[in-house]
Amino acid sequence: MSVFDDRASGVVVSTQRARERTQEVWQAFCSRYNINPLFRNIPEEDDRLKLLQLFGKKYRTGEISKSKRPVRARTVEVALQDIGAYFTNMGQRDPRIQGERLHPSLKQWLVALFKQDPAATSVMPCPITII
């Protein structure tokens, strides 16, 4: 069993499919802008981060999201994680990471997105004895 098999066996099938769909969206995005999906034609780290943010912005507005609807910040964050997984699966460095942490400018941008999201709406369960 290879390392890739070990890693894949730890991921739920639906999660793996969702990750693959996000990676397909990433490849289509890169194709549209004539960008190598592994950034081989983008040498500057700052430019790479700007492209990830552009992808995230278009994903958030629904322009390229899988649902074609606007999504919340957490969904954008997961999509960017899927792109990072794409890079690492291809033997490349995850462009989101600087050192061992998320790049500060990308982290700051994601925090701003989270602040823009409305508060989560939750329904309080009502005990049957009250009814």
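The secondary structure of this protein, taken from a predicted model, comprises five helices and two strands. Along the sequence these elements appear in the order α-α-α-α-β-β-α. The protein has 131 residues, and 32% of them count as buried.

**Overall character**

- The accessible surface of the protein amounts to about 8900 Å², and carbon and sulfur atoms account for 54% of that surface.
- Among contacts between residues at least 6 apart in sequence, 60% join residues at least 24 apart.

**Packing of helix 3 and helix 4**

- Two packed helices are described by the angle between their axes and the distance between the axes.
- Helix 3 spans residues 45-61 and helix 4 spans residues 73-89; their axes come within 10 Å and cross at roughly 135°.
- This angle makes helix 3 oblique to helix 4, because an angle counts as roughly antiparallel when it is over 145 degrees and as roughly perpendicular from 65 to 115 degrees.
- The crossing of helix 3 past helix 4 is right-handed.
- On the side of helix 3, the residues that meet helix 4 are Leu52, Phe55, Gly56, Tyr59 and Arg60.
- On the side of helix 4, the residues that meet helix 3 are Ala73, Thr75, Val76, Ala79, Leu80 and Ile83.

**Arg60 in helix 3**

- Arg60 is located in helix 3 and has a relative accessibility of 14%.
- Arg60 therefore counts as buried, since the cut-off for a buried residue is under 20%.
- Neighbours within four places in sequence aside, Arg60 is in contact with Arg69, Pro70, Val71, Arg72, Ala73, Val76, Leu113, Gln116 and Asp117.
- Two of these partners, Ala73 and Val76, are also among the residues of helix 4 that meet helix 3.

**Packing of helix 2 and helix 4**

- The axes of helix 2 and helix 4 come within 9 Å and cross at roughly 85°.
- Helix 2 is therefore roughly perpendicular to helix 4.
- The residues of helix 2 that meet helix 4 are Ala18, Arg19, Thr22, Gln23, Trp26 and Gln27.
- Their counterparts in helix 4 are Ala79, Asp82, Ile83, Ala85, Tyr86 and Phe87.
- Ala79 and Ile83 of helix 4 thus meet helix 2, and both also meet helix 3.

**Thr22 in helix 2**

- Thr22 lies in helix 2, which covers residues 13-32.
- The relative accessibility of Thr22 is 0%, so Thr22 counts as buried.
- Apart from neighbours within four places in sequence, Thr22 is in contact with Tyr59, Lys66, Ala79 and Asp82.
- Of these partners, Ala79 and Asp82 are among the helix 4 residues that meet helix 2, while Tyr59 is among the helix 3 residues that meet helix 4.

**Aromatic residues**

- The structure contains eight aromatic pairs.
- In one of them, the ring centres of Phe29 and Tyr33 are 5.0 Å apart and the ring planes stand at 55°, so this pair is tilted.
- Phe29 has 4% relative accessibility and so counts as buried, whereas Tyr33, at 33%, counts as partly exposed.
- Tyr86 and Phe87 form an edge-to-face pair, with 6.1 Å from centre to centre and 90° between the planes.
- Both Tyr86 and Phe87 are buried.
- Ring pairs join Trp26, Phe29, Tyr33, Phe39, Phe55, Tyr59, Tyr86 and Phe87 into a cluster.
- Members of this cluster also take part in the helix packing: Phe55 and Tyr59 are among the residues of helix 3 that meet helix 4, and Trp26 in helix 2 is among those that meet helix 4.

Terms used. Residues numbered from 1 in each chain as written. Predicted model: local features only at pLDDT ≥ 70, side-chain atom pairs only at ≥ 80, totals over all residues. Heavy atoms only, no water. Buried < 20%, exposed > 50% of the residue type's maximum accessible area, 1.4 Å probe, protein only. Contact = heavy atoms within 4.5 Å. Areas by Shrake-Rupley, 256 points an atom, 1.4 Å probe, with all protein chains shown as cover. Phe/Tyr/Trp six-rings, centres within 6.5 Å; stacked < 30°, edge-to-face > 60°. Axes fitted to C-alpha atoms, helices over the stretch in contact; angles between N-to-C directions. Parallel < 35°, antiparallel > 145°, perpendicular 65-115°, else oblique. Left-handed = near helix turned anticlockwise from the far one by under 90°.
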